[in-house]
Amino acid sequence: MPRHDPRPSRPVRPSRSPGTRSRRGRIPAPGAGAIGAAVVLGLPAAIVTFSDLLGIDDRTPFVQTIAFRPQLAAGLFVLGALVLLLSRRAWPTALALGLVGVLGLGMVLPRAVGSSETGAGGGPELTVLTASAYLSRADPDALASLISSRTPDVVVLPEARGTLRDRLQQALVDESGGEAGQSGYRVFAADARRDDSPMTVFVRRSVGRPTVTPNRDTEFPSLVVDLPDVDGQAVRVVATHPQSPRPGDTNAWRRDVAALSRWCTGDRPTVVAGDLNATLDHAELRAATEGCTDAASDVGEGLVGTWPAAAPRLLGVQIDHVLVSGGPQARQVDVVDVPGSDHRGVLARIGLG
């Protein structure tokens with residue numbers, strides 16, 4: 001009789017040929033042309049997204065596209081993820097696009113986080129509103145209502161002239177020296193050579209009588225407002241509006257942005273406010289304002305779009321700024337709607353120390 005083997009029998013596994021090995025967990029080989037596609041798509045994406053680092057963001061079209069780096073970076077990251085989902089063999093393209101997107105997001109996200117060293121809540125402060133009036137097309141009643149309800153100490157209105165200026169003056173200025181509505185203001189203005197981009201500034205009477213000096217070193221006039229005593233602190237407010245970068249001609253824009261450096265020296269408490277026609281993604285603005293701090297970015301509002309106002313806030317770019325130098329620090333920043341204008345406004349509470 002045959003002996004019974006007590007050991008359990010092992011199942012016989014079917015043999016596999018080398019070509020049938022499982023590829024689970026392995027990175028598939030790139031498809032035909034995938035590496036070439038990665039270069040063809042990734043290189044232009046990197047040039048556009050980091051044109052400031054390449055020193056070409058002061059010329060068309062990069063001066064316009066670099067302003068949208070937050071949106072470009074987010075879009076490239078999403079596009080890279082979609083490419084990978086559609087075809088794993090296209091991973092070199094997905095990697096190239098995703099890497100550019102991640103690096104770009106890493107450069108802009110700190111503006112949405114803010115600094116832990118923002119000004120404390122106590123002590124003297126100055127509230128500044130800058131709101132571009134869009135060739136005086138802003139709604140005067142809505143703008144007067146915004147100013148009366150938020151009562152900023154200084155209101156900077158690029159492109160405000162004519163009927164708009166007169167209507168605001170009627171609503172906000174009491175020539176008798178008393179209060180008009182909730183607050184009384186003094187008005188100061190400087191018209192441009194072509195009168196297409198004047199500067200109008202309203203100053204609350206409660207902060208004292210300022211010394212106001214027009215400055216015409218740039219394409220459009222600026223107003224330098226020296227306040228001698230804001231709760232015991234002297235502070236300078238510079239209302240300014242650099243020329244926009246015109247397609248094919250950015251010389252005036254470069255000169256006007258570079259001129260901002262004179263206000264960011266830190267030798268006295270200074271607030272610079274206006275439509276600066278540049279974002280912190282422009283190397284020119286960063287270099288010119290090296291001695292200044294952007295109030296919105298300092299409190300985590302640096303990616304809220306102020307232009308164009310018709311676009312959602314996360315799809316617009318922040319070209320309207322309040323900058324501080326020489327000691328003042330941002331406490332709170334709100335981006336506010338300005339009916340009738342193509343810009344949103346920036347309302348900043350600034351601690352003076």
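Student: Why does His321 count as buried?

Tutor: Its relative accessibility is 1%. Buried means under 20% relative accessible area, with exposed over 50% and partly exposed in between (1.4 Å probe, protein chains only), so at 1% His321 falls in the buried class.

Student: What are we looking at, exactly?

Tutor: This is a predicted model, where local features need pLDDT of at least 70 and side-chain atom pairs count only at pLDDT 80 or more, while totals for chains, interfaces and linings use all residues. Residues are numbered from 1 along each chain as its sequence is written, and side-chain values use heavy atoms, with hydrogens and water left out.

Student: Okay, back to the histidine. What does His321 touch?

Tutor: Contact means heavy atoms within 4.5 Å. Not counting residues up to four places away in sequence, the partners of His321 include Thr130, Val272, Leu276, Ala278, Leu285 and Asp294.

Student: What makes the approach of the Ala278 backbone oxygen to the His321 side chain a polar contact?

Tutor: That oxygen lies 2.8 Å from a polar atom of the His321 side chain. A polar contact is a pair of N or O atoms within 3.5 Å; within protein, one must be able to donate a hydrogen and the other to accept it, and residues adjacent in sequence count only if both atoms are side-chain atoms. The 2.8 Å value is therefore inside the cut-off.

Student: How do you know that Asp52 is buried rather than exposed?

Tutor: Its relative accessible area is 6%, so by the cut-off you already have, Asp52 is buried. Asp52 lies in the loop between helix H1 (34–49) and helix H2 (62–65). Its side chain makes a polar contact with the Arg69 side chain at 2.8 Å, and among the other residues it contacts are Met107, Asp281 and Arg286.

Student: And what makes H2 a helix?

Tutor: Helices (H or I, at least four residues) and strands (E, at least two) are DSSP runs, numbered from the N terminus. The chain has ten helices and twelve strands. Phe62 is found in H2, and at 18% relative accessibility Phe62 still counts as buried. Phe62 and Val48 sit 14 residues apart in sequence, yet their C-alpha atoms are 6.5 Å apart.

Student: Which residues does UniProt mark as "transmembrane region"?

Tutor: The unreviewed UniProt entry puts that feature at residues 31–50, 70–87 and 94–113. UniProt positions are given in the numbering used here, feature names are shortened, and annotations may be inferred rather than shown by experiment. In the model, residues 70–87 are 94% helix with end C-alpha atoms 26 Å apart, and residues 94–113 are 95% helix with ends 28 Å apart.

Student: Why is the Tyr185 and Phe202 pair called edge-to-face?

Tutor: Rings of Phe, Tyr and Trp (its six-membered ring) pair if their centres lie within 6.5 Å; planes under 30 degrees apart count as stacked, over 60 as edge-to-face and the rest as tilted. Here the centres are 6.5 Å apart and the planes at 85°, so the pair is edge-to-face. Tyr185 in strand S3 (residues 185–190) and Phe202 in strand S4 (residues 199–204) are 17 residues apart, and both are buried. A search of the whole structure finds one aromatic pair.

Student: What makes Arg137 a charge over the ring of Tyr134?

Tutor: A charge sits over a ring if NZ of Lys or CZ of Arg is within 6 Å of the ring centre and within 35 degrees of the ring normal. The charged end of Arg137 is 4.7 Å from the centre of the Tyr134 ring, and it sits over that ring.

Student: Which residues touch the most other members of the largest nonpolar core?

Tutor: A nonpolar core is a set of buried Ala, Val, Leu, Ile, Met, Phe, Trp, Tyr and Cys residues joined through side-chain atoms within 4.5 Å. This one has 28 residues, and Leu126, Val201, Leu227, Val271, Val322 and Ile350 touch the most other members. Strand S6 (residues 222–230) gives the most, with four residues. A second, separate core of 20 residues includes Leu146, Ile147, Ala160 and Val336.

Student: What caps the N-terminal end of H6?

Tutor: Asp139 does, with a side-chain oxygen 2.9 Å from the backbone nitrogen of Asp141. The buried residues of H6 (residues 140–150) include Leu143, Leu146 and Ile147.
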